[in-house]
Amino acid sequence: MAQCVTKVQLSISCDNLMDKDIGSKSDPLCVVLQSVGDGKWAELSRTERIKNCQKPEFSTKPVLDYYFEKVQKLKFGVYDIDNKSIDLNDDDYLGGLECTLAQIVSSQKLTRPLELKKGKPAGKGLITICAEEIKDTRIVVFEIEARNLDKKDFLGKSDPFLEFFKQCDDGSWQLVYRSEVIKNNLNPCWRKFSVPLHTFCSADFNKAIKVTVSDMDDSTSSDLIGEFACTTAKLLEAKDQVVEFDCIHPDKKQKKKSYKNSGIVRVKSCKIETEYSFLDFVMGGCQINFTVGVDFTGSNGDPKSPDSLHFISPNGVNEYLTALWCVGNVVQDYDTDKQFPAFGFGAQVPPNWQVSHEFALNFNPSNPYCPGVQGIVDAYRQALPQVRLYGPTNFSPIINHVARFAVAAAQQKTASQYFVLLILTDGEITDLDLTRQAIVNASKLPMSIIIIGVGCADFKAMEFLDGDNGVLKSPTGETAVRDIVQFVPFRQFSNAPKEALSQAVLAEVPKQLVSYFKILGLSPVNPPKPQTTV
């Protein structure tokens, strides 16, 4: 029987958070986790960090698949973030909530006390979670600037940012978008941005919208510069022409009869577009090409020794094989010919025993393709006794190898091909700078990189390559166009169900694929039939 599944978007806010910082307020972030059984949790999403705020309203809105017939246990954890590490273990815990997705959906708006542990309240902290079903695939796309904003800072100009709110049925205002901050500028031009139409106005073009412009202050909460009210219908007039709004500060307007405004907000462009999903692209003809790279460096240990990460146990498995099976079995269903190139790196290979950083596992460089995941497993087993584990651990050659194919696909200017490189490694990377450059270059291509860390080495370099805690930069300072690396340490999932590893590893790929084609403005090769517009 077909599963009853729908997309649900969560809006998260908190109140009265504990103050863990000395001299300033906490800098909260909320992480959302889902139970994967056996007391283990997999991270689904995390919000942005909001500085100096005990009453945060997060603009990042996690989207979850809601299954009517499943109990989906969720955990919300709020942390005070004082460093750049993605690891939350070194951050102060401000409290959490465990509940089911069904509880949130049935309440629509769920407010509960935060707890440090079961039965122990986190001060007077509260968390509120609102759920909305997403039925509309359209997005509203904006280009906005402002002119002559009021100066708020004593020693410099204002640091303005935009916030959009929609009015809820109970009359309250819900944050739907927060822009980046533009430093020291009274005439800011914000980055082009988009918001799902359902998020923005519940697809109601006459719903009241409030827009605020505020000055970001690092040491205190932000200061309001001005605001205005409108509707989506009014904003959409900018489809053909610039639409201007007076930015009004209510207190100044009340005090001064001569007050005109605190600046002008200019909507240069506002239009409705269709947001295509991962399935739209895949069902519309996008082929996902899966390539595997296996680490054969000496740091793995002698494969004949039971201590080695490459040692194959009497029942025929090791961590490399288990990780390959878990991920490969999911990905292979999206590849029609089921032929996967598989490579090793960091070993001396016959016949001349030169070190190679991209040798075909089947020792056939002109045809490195293996039939299905089983073919990769067979090639790995046959290659293992024939090579000498050596070094160094260089990732850049195999990344650049796959990138060459992605370059050719990108030149077609169609959403017909996407490449996923799976690297299985013990983590001790040597060519970090060359790898950073290779990833930044690949971020412009139809390509994602998954790194699974095998063993218990220090994976700090892998976490650095995964851009979750900031945009990855090349050694020359060039920033990645998008985050294309997902790193997962295998040992964290050693006792979890097999599907937990594949879910964590592959969670980012659909978003990365969609983001690439969206940046290029490419539709699926065979797009779904368009919806009727409101």
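Student: Which cysteine sulfur is closest to the sulfur of C130, and why do the two not form a bond?

Tutor: The closest cysteine sulfur belongs to C168, but at 6.7 Å from the sulfur of C130 it is too far for a bond. The general idea is that a disulfide is a covalent bond between the sulfur atoms of two cysteines. A pair is counted here if the sulfur atoms lie within 2.5 Å. Please keep in mind that this is a predicted model.

Student: What is the corresponding distance for C270?

Tutor: The sulfur of C270 has its closest cysteine sulfur in C230, at 9.0 Å, which is again too far for a bond. C270 is buried, with a relative accessible area of 0%. C130 is buried too, at 15%.

Student: How many disulfides does the whole structure contain?

Tutor: A search of the whole structure finds 0 disulfides.

Student: Let us turn to the backbone. Which peptide bonds are examples of the cis form?

Tutor: The bond from P350 to P351 is cis, with omega near 5°. P351 belongs to the loop between β19 (347–349) and β20 (354–356). Another example is the bond from G391 to P392, where omega is near 0°. P392 is located in the loop between β23 (388–389) and α8 (396–410).

Student: What is notable about phi in N52 and N184?

Tutor: The sign is the point to read. Phi of N52 is near 50°, a positive value in a residue other than glycine. For N184, phi is likewise positive and near 50°. N52 lies in the loop between β3 (40–46) and β4 (63–67), while N184 lies in the loop between β11 (173–178) and β12 (193–196).

Student: Are N52 and N184 buried or exposed, or something in between?

Tutor: N52 is buried, with a relative accessible area of 8%. N184 counts as partly exposed, at 46% relative accessibility.

Student: How many aromatic pairs are there, and what should one read for each pair?

Tutor: The count comes to 18 aromatic pairs. For each pair, one reads the distance between ring centres and the angle between ring planes. F164 and F200, for instance, form a tilted pair, with 5.6 Å from centre to centre and 50° between the planes. This pair links distant parts of the chain: F164 is in strand β10 (residues 160–167) and F200 in helix α2 (residues 197–201), 36 residues apart. Both F164 and F200 are buried. Compare Y516 and F517, whose pair is edge-to-face, at 5.2 Å centre to centre and 70° between the planes. Y516 and F517 are both buried.

Student: Which rings form a cluster?

Tutor: Ring pairs join F142, F164, Y177, F193 and F200 into a cluster.

Student: Where do charged side chains lie over rings?

Tutor: The charged end of R388 sits over the ring of W353, 3.9 Å from the ring centre. K210 lies over the face of F165, at 5.3 Å from that ring's centre.

Student: What is the general idea of a salt bridge?

Tutor: Side chains of opposite charge can pair when their charged atoms come close. The structure holds 20 salt bridges. One of them joins E43 and R46, whose closest N and O atoms are 2.8 Å apart. E43 is partly exposed, with a relative accessible area of 39%, and R46 is partly exposed at 26%.

Student: Which salt bridges link parts of the chain that are far apart in sequence?

Tutor: Consider D150 and K252, whose closest N and O atoms are 2.7 Å apart. D150 lies in the loop between β9 (138–147) and β10, and K252 in helix α4 (residues 250–255), so this pair ties together parts that are 102 residues apart in sequence. D150 is buried, at 18%, whereas K252 is partly exposed, at 31%. A further case is K518 with E275, which meet at 3.5 Å, N to O. K518 is in helix α12 and E275 in the loop between β16 (264–274) and α5 (278–283), 243 residues apart.

Student: Which residues do salt bridges with shared partners join into one network?

Tutor: The network consists of E145, R147, E244, R266 and K268.

Student: Finally, which residues of helix α12 are buried, and what follows the helix?

Tutor: The buried residues of helix α12 (residues 509–519) are V509, Q512, L513, V514, Y516 and F517. The helix α12 is followed by G521, whose phi is positive, near 70°. On the surface, V481, I519 and L520 form a nonpolar patch with about 270 Å² of accessible area together.

Definitions and conventions. Residues are numbered from 1 along each chain as its sequence is written. This is a predicted model: local features need pLDDT of at least 70, side-chain atom pairs count only at pLDDT 80 or more; totals for chains, interfaces and linings use all residues. Side-chain values use heavy atoms; hydrogens and water are left out. Buried means under 20% relative accessible area, exposed over 50%, partly exposed in between (1.4 Å probe, protein chains only). Helices (H or I, at least four residues) and strands (E, at least two) are DSSP runs, numbered from the N terminus. Rings of Phe, Tyr and Trp (its six-membered ring) pair if their centres lie within 6.5 Å; planes under 30 degrees apart count as stacked, over 60 as edge-to-face and the rest as tilted. A charge sits over a ring if NZ of Lys or CZ of Arg is within 6 Å of the ring centre and within 35 degrees of the ring normal. Patches are made of residues with over 30% relative accessible area and no salt bridge: like charges are joined within 9 Å, nonpolar side chains (Val, Leu, Ile, Met, Phe, Trp, Tyr) within 5 Å. Accessible areas come from the Shrake-Rupley method with a 1.4 Å probe; for residues, only the protein chains shown count as cover. A salt bridge is a side-chain nitrogen of Lys or Arg within 4 Å of a carboxyl oxygen of Asp or Glu.
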